[in-house]
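Here are a few notes to read alongside the structure, offered in the hope that they save you some scrolling. I have grouped them by topic.

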Amino acid sequence: MLVKIERFDDAKHRNHVITLWKSVFGYPDRRNEPDLVISKKIEIDDQLYVAVVAEQVIGTIMTGYDGHRGWIYSLAVLPEYRKIGIGSQLLKHAEESLTEMGCMKINLQIMNENAAVKAFYKKNGYEVEERISMGKQINANVPSEK
Ligand SMILES: CC(C)(COP(=O)(O)OP(=O)(O)OC[C@H]1O[C@@H](n2cnc3c(N)ncnc32)[C@H](O)[C@@H]1OP(=O)(O)O)[C@@H](O)C(=O)NCCC(=O)NCCS
């Protein structure tokens, strides 16, 4: 199967990515609404990549580099295309792009209930690091309910 990894193109890919993220992640909170996440990301940089087969987006990955660490977000492959190496191909592409930027360490977060994905990341060279993840929502930037 010919899978191409491309930089996200708003005109070509936005609707595909929204559909994919809604089906794979389905986060309920407003701050993770796919259309908003895409807009916020491309406002800052273009580190959003898609895996494309016959012009259909079948996978995504997003990276961020802050000068200290690289981060990986939103790795997703459509269920019918899983376990044939596409997730690993997306991850490799993201790692190469972070490496080119000078990144020395990549981190990512997995939800507790998504522990199965640990096996995927371990196969790709990632180790569990005992840390507690903390966060604070900035309400002023989260759209209120329509
Ligand atoms: C995680 C995900 C991206 C993996 O994509 P994929 O294309 O199936 O991954 P690959 O085919 O490259 O898998 C590489 C290896 O990891 C293993 N693996 C993949 N998913 C796995 C899972 N859920 N549980 C255990 N092992 C898994 C594969 O068996 C494979 O091993 P192999 O090379 O010995 O066959 C995909 O399952 C997915 O989209 N999940 C839902 C979204 C998600 O949880 N994203 C990650 C958190 S942001």
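1. Helix α3 runs over residues 86-100, and its 15 residues reach 21 Å from the first C-alpha to the last, close to the 21 Å expected at 1.5 Å a residue. Please keep in mind that this is a predicted model.

2. Which residues of α3 are buried? They are G87, L90, L91, A94 and L98. These residues lie on the same side of α3, because they cover an arc of only 100° around the axis.

3. That buried side has plenty of partners: its residues pack against the strands β1 (4-7), β2 (48-53), β3 (56-65), β4 (70-77) and β5, and against helix α4. On the face turned away from the buried side, α3 carries the exposed residues E96, T99 and E100. After the helix comes G102, with a positive phi near 100°.

4. Now to the ligand, which has 18 residues around it; R82, G87, S88, A119 and F120 come nearest. G87 therefore appears twice in these notes, as it is also one of the buried residues of α3.

5. Where does the shell around the ligand come from? β4, α3 and α4 each supply at least two residues, and the largest share, four residues, belongs to α4. By character, the shell divides into eleven nonpolar, four polar and three charged residues.

6. Lastly, a look at Q109, in the loop between β5 (106-107) and α4 (117-123). Is Q109 buried or exposed? Q109 counts as exposed because it has 11 C-beta neighbours inside 10 Å. Its C-alpha is separated by 9.8 Å from that of V128, 19 residues apart along the chain.

Definitions and conventions: Residues numbered from 1 in each chain as written. Predicted model: local features only at pLDDT ≥ 70, side-chain atom pairs only at ≥ 80, totals over all residues. Buried ≥ 20, exposed ≤ 12 C-beta atoms within 10 Å, placed from the backbone. Expected span 1.5 Å × (residues − 1). Arc of directions from axis to C-beta. Contact = placed C-beta atoms within 7 Å. Near = placed C-beta within 6 Å. Nonpolar A, V, L, I, M, F, W, Y, C, P; charged D, E, K, R; others polar.
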